[in-house]
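Please find my notes on the model below. They take up charged pairs, the nonpolar core and one surface patch.

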Amino acid sequence: MSNVVKPLGYRVLVQPDITEEVTEGGIILHQATVQAERHASTTAVIVDIGPRAWTGEEEGSRCEIGDHVLIRKYAGVRTEDDENSPLLVNDQDIIGRFEDE
């Protein structure tokens with residue numbers, strides 16, 4: 001049996017960007033700080049999209065798998081106990097998409 005989570009309805013599966021444990025200046029962050037930052041991460045990559053996500057939205061507002069997006073802080077539900085696990089978020093929790101210039 002597979003443990004892959006498939007988003008249902010308006011949900012989107014995203015992989016949050018990994019939070020660094022050491023700052024650019026070489027300061028090692030406390031583990032509680034790192035975990036809080038991981039939970040509050042606001043950027044992610046779309047891994048999978050539910051069948052009803054973005055239905056009825058304007059043409060240019062739909063995201064695709066692989067898009068790098070901005071999500072609301074503290075949005076979603078972790079799919080595993082691991083801090084680097086994907087999140088299930090509602091499509092409305094995705095508030096922006098990064099685009100190449």
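1. Arginine 97 is partly exposed in this predicted model, with a relative accessible area of 29%. Its salt-bridge partner is aspartate 67, and the closest N and O atoms of the two are 4.0 Å apart. Arginine 97 sits in strand 6 and aspartate 67 in the loop between strand 2 and strand 3, so the pair ties together parts that are 30 residues apart in sequence. Asp67 and Arg97 also belong to a network of salt bridges with Glu99.

2. Arginine 72 pairs with aspartate 93, with 3.5 Å between the closest N and O atoms. The loop between strand 3 and strand 4 (77–78) holds arginine 72, while the loop between strand 5 and strand 6 holds aspartate 93, so this salt bridge ties together parts 21 residues apart in sequence. Is each partner buried or exposed? Arginine 72 is partly exposed at 43% relative accessibility, whereas aspartate 93 counts as buried at 16%.

3. A further salt bridge joins glutamate 64 to arginine 62, at 3.9 Å between the closest N and O atoms. Glutamate 64 is partly exposed at 44% relative accessible area, and arginine 62 is partly exposed at 36%. The whole structure has five salt bridges.

4. The largest nonpolar core contains 14 residues; Val12, Trp54 and Val89 are among those with the most contacts inside it. Strands 1, 2, 3 and 5 each give two or more residues to this core. Strand 2 gives the most, with three.

5. On the surface, Leu70, Ile95 and Phe98 form a nonpolar patch with about 260 Å² of accessible area together. Of these, isoleucine 95 lies in strand 6 (residues 94–97).

Key:
Residues are numbered from 1 along each chain as its sequence is written. This is a predicted model: local features need pLDDT of at least 70, side-chain atom pairs count only at pLDDT 80 or more; totals for chains, interfaces and linings use all residues. Side-chain values use heavy atoms; hydrogens and water are left out. Patches are made of residues with over 30% relative accessible area and no salt bridge: like charges are joined within 9 Å, nonpolar side chains (Val, Leu, Ile, Met, Phe, Trp, Tyr) within 5 Å. Accessible areas come from the Shrake-Rupley method with a 1.4 Å probe; for residues, only the protein chains shown count as cover. A salt bridge is a side-chain nitrogen of Lys or Arg within 4 Å of a carboxyl oxygen of Asp or Glu. Helices (H or I, at least four residues) and strands (E, at least two) are DSSP runs, numbered from the N terminus. A nonpolar core is a set of buried Ala, Val, Leu, Ile, Met, Phe, Trp, Tyr and Cys residues joined through side-chain atoms within 4.5 Å. Buried means under 20% relative accessible area, exposed over 50%, partly exposed in between (1.4 Å probe, protein chains only).
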